[in-house]
Amino acid sequence: MHIMEGYLDPMWCAVWFVVMIPFFVVGVIKLRKILAEHPEQKMTVALSGAFIFLLSSLKLPSVTGSSSHPTGTGIAVVFYGVGVCSVLATIVLLFQALLLAHGGFTTLGANCVSMGIIGPLCGLVLWKLIRKANAGVFISMFVAAAIADLMTYVVTAIQMTLNVVTSTGADFASSFIDFMSVYAVTQIPLAIVEGLVLAMFAQYLSTAKPEIFGIADENKLNPFSTEV
Amino acid sequence: MKNSTMYIVGFAIIAVLVVGTLLLVPGEFGGSDDSGGQAAESYGYEPWTGNWMENLGFELPGETESFLFAVQAAIGAVIIGYFIGMLNARRQANASKDSEA
């Protein structure tokens with residue numbers, strides 16, 4: 001889902017930064033509150049970031065004949081919400097842009113909106129809905145993580161489509177189908193893999209440290225809530 | 001379903017999806033990020049800048065790139081491993097306390 005440097009017009013780079021900034025600021029405020037008021041949760045925050053670091057570094061083959069990588073944002077968004085997830089995703093995106101020239105600085109806002117905000121928000125909505133229906137941790141995390149992953153790539157396809165439509169006058173429908181087939185279709189099996197990995201870890205947590213899901217249950221769906 | 005069965009089934013599905021894809025699907029498995037850029041170029045879009053390394057006339061060797069991706073994965077894996085180790089140590093300590101009591 002990394003949009004490379006130069007592949008978004010400066011206008012779109014600015015638009016996506018403007019969208020990203022409020023979520024990021026709320027995330028920083030919430031993260032500071034968590035670390036100050038609940039220092040015992042430092043390790044869980046680190047764990048949430050660790051899954052993004054680990055999974056987003058793995059390039060996996062897909063049935064379309066190309067490869068892509070999971071996002072690993074499911075744990076972070078379920079436990080700490082969209083704001084904190086956007087901060088953790090930005091750290092990983094900066095690491096990749098700086099050291100690997102993968103993604104980019106001008107496209108950081110767009111990449112954060114897809115991987116750290118909208119994709120995870122979709123996953124969190126489903127987590128809340130499925131948990132309300134009294135489903136177990138395994139199935140709830142599977143759906144949340146897989147949808148967060150898949151929607152990240154759908155958002156990237158939308159971002160690329162809007163960019164080519166406004167800059168080249170391309171037809172919206174045909175370019176959207178093209179970008180969806182490049183990003184989202186490739187991602188379907190990988191989203192299933194990511195969903196399974198995080199669901200198995202959540203299942204492990206539910207037996208090893210069940211009280212940890214109290215954090216997830218208290219986590220608010222509202223992305224602008226700084227309540228901890 | 002027992003946890004151990006769940007893990008076995010989960011890892012088996014992951015193995016089938018990843019290894020099965022490698023074995024059965026023809027393709028060079030180039031990155032979808034690059035394919036996205038190519039799709040934009042097919043509509044006549046020209047990137048207005050390159051990445052900062054290209055702009056400085058420097059190209060990251062493939063081996064170094066792989067190494068840095070491995071470093072990224074290792075940072076994540078070490079933290080997850082530490083967390084699991086810490087949980088297991090606490091559970092063992094609690095279990096031994098209970099047996100002493």
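User: Which residues does A:Ile130 touch, leaving aside those up to four places away in sequence?

Analyst: In this predicted model, A:Ile130 touches A:Ala135, A:Ser140 and A:Val143 once you skip residues up to four places away in sequence. You'll find A:Ile130 in helix H4 of chain A.

User: Why is A:Ile130 called buried?

Analyst: Buried means under 20% relative accessible area. A:Ile130 has 17% relative accessibility, so it counts as buried.

User: How far apart are the C-alpha atoms of A:Ile130 and A:Asn222?

Analyst: They're separated by 17 Å, and the two residues sit 92 residues apart along the chain.

User: What makes A:Lys220 and A:Glu227 a salt bridge?

Analyst: The label needs a side-chain nitrogen of Lys or Arg within 4 Å of a carboxyl oxygen of Asp or Glu. Here the closest N and O atoms are 3.4 Å apart, so the pair fits the definition. The structure holds 1 salt bridge over all chains.

User: Why is A:Lys220 called partly exposed?

Analyst: Partly exposed lies between the 20% and 50% marks. A:Lys220 has a relative accessible area of 34%, so partly exposed is the right label.

User: Why is helix H2 of chain A described as largely enclosed by the rest of the structure?

Analyst: Because 12 of its 14 residues are buried. Among them are A:Met43, A:Phe51 and A:Leu55.

User: What do the buried residues of H2(A) pack against?

Analyst: They pack against helices H1, H3, H4 and H6 of chain A, together with helix H4 of chain B.

Terms used:
Residues numbered from 1 in each chain as written. Chains lettered and ligands numbered in written order. Predicted model: local features only at pLDDT ≥ 70, side-chain atom pairs only at ≥ 80, totals over all residues. Heavy atoms only, no water. Buried < 20%, exposed > 50% of the residue type's maximum accessible area, 1.4 Å probe, protein only. Helix = DSSP H or I, 4+ residues; strand = E, 2+ residues; numbered from the N terminus. Contact = heavy atoms within 4.5 Å.
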